[in-house]
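Please look over the sequence and the structure shown here before reading on. The report that follows goes from the whole chain to particular side chains.

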Amino acid sequence: MKRIAILSLASYVAMTSLVMAASDPHGEDAKGGLPQFEPDWFASQIFWLAIAFAVLYIFFTNKTLPDISAVIDNRKNHIQSDLETAEKLAAEADQVQQIYHTSLAKAQDKASNELKKVENDMSKAAEEAAEEYRARSEKELKKAEAKILQAQDLAMDDMNSIAAEVASAAVSKIIGGKADVKKAKSIVESLNQKTTSKAKAA
């Protein structure tokens, strides 16, 4: 409104000057003063002021002011849209960051659980392998002990046979007859068993 009033006043001054100049070719030199300040021109000045104000008001309200308002509204809407977009992007960034931290925590927990599971599986496998090796070793040891005992029995049997043969030969030479080898072997085995029993008891 201030701009309209200023432009109206300027237009009024220009128009009244032109009208007065056209009505009085001699201008202010003929009367020695400014026509705008003479009472005879007040009615004409008010009339042209109203006309100029009305024309400028209609022009500005129908053409210039709507364009300016449209530009201002467009700029305001654009700024508001940018602010809303910035807020939306900030919210999305916060959401993405939250999702990232949540996913990272879940991944760390999962990795920790998997590591513990692998450690438990390895420990269990090691224990099973050790137990299997222990059982196999005990089995092999028992087999070896059985073979040793069998070898000892065979050796003792051979020794008993040899001792029985030696004893039979000695008896044959002493008494001059043939001794019973089986009986001598039984006697030797009996003596060995008694000796073994005494050794175990001791």
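## Terms and model

A residue is called buried when its relative accessible area is under 20%, exposed when that area is over 50%, and partly exposed in between. Phe47, with a relative accessible area of 47%, is therefore partly exposed. The model is a predicted one, and the values given below should be read with that in mind.

## The chain as a whole

The protein chain holds four helices and zero strands, and from the N terminus on its elements follow the order α-α-α-α. One of these helices is H3, which covers residues 42-175.

Of the 202 residues in the protein chain, 9% are buried. The accessible surface of the chain is about 16600 Å², and carbon and sulfur atoms account for 62% of that surface. When contacts between residues at least 6 apart in sequence are considered, 56% of them join residues that are at least 24 apart.

## A nonpolar patch and the aromatic pairs

On the surface, Phe47, Ile51 and Val55 make up a nonpolar patch, and together they have about 270 Å² of accessible area. Val55, a member of this patch, is located in helix H3.

Three aromatic pairs are found when the whole structure is searched. One of them joins Phe47 and Trp48, whose rings lie 5.3 Å apart from centre to centre with 75 degrees between their planes, an arrangement that counts as edge-to-face because the planes are over 60 degrees apart. Phe47 thus takes part both in the nonpolar patch and in this aromatic pair. Its partner Trp48 has a relative accessible area of 27% and is partly exposed.

What is the arrangement of the rings of Phe53 and Tyr57? Their centres are 6.1 Å apart and their planes stand at 15 degrees, so the pair is stacked. Phe53 and Tyr57 are four residues apart in helix H3, which means that about one helical turn separates them. Phe53 is partly exposed at a relative accessible area of 35%, and Tyr57 is likewise partly exposed, with a relative accessible area of 35%.

## Salt bridges in helix H3

The search of the whole structure also gives two salt bridges. In one, the side chains of Glu131 and Arg134 meet at 2.4 Å, taken from N to O. These two residues are three apart in helix H3, so that about one helical turn lies between Glu131 and Arg134. Both ends of this bridge are partly exposed, since Glu131 has a relative accessibility of 46% and Arg134 has a relative accessibility of 40%.

Another salt bridge links Arg136 with Glu132, and here the closest N and O atoms are 4.0 Å apart. How many residues apart are Arg136 and Glu132 in helix H3? They are four residues apart, and therefore about one helical turn separates Arg136 from Glu132. Arg136 is partly exposed, with a relative accessible area of 41%, whereas Glu132 has a relative accessible area of 51% and is exposed, because the cut-off for that class is over 50%.

## Summary

In this predicted model, the protein chain has four helices and zero strands. Helix H3 contains Val55 of the nonpolar patch, the stacked rings of Phe53 and Tyr57, the salt bridge between Glu131 and Arg134, and the salt bridge between Arg136 and Glu132.

Methods:
Residues numbered from 1 in each chain as written. Predicted model: local features only at pLDDT ≥ 70, side-chain atom pairs only at ≥ 80, totals over all residues. Heavy atoms only, no water. Buried < 20%, exposed > 50% of the residue type's maximum accessible area, 1.4 Å probe, protein only. Contact = heavy atoms within 4.5 Å. Areas by Shrake-Rupley, 256 points an atom, 1.4 Å probe, with all protein chains shown as cover. Patch = residues over 30% accessible without salt bridge, like charges linked within 9 Å, V, L, I, M, F, W, Y side chains within 5 Å. Phe/Tyr/Trp six-rings, centres within 6.5 Å; stacked < 30°, edge-to-face > 60°.
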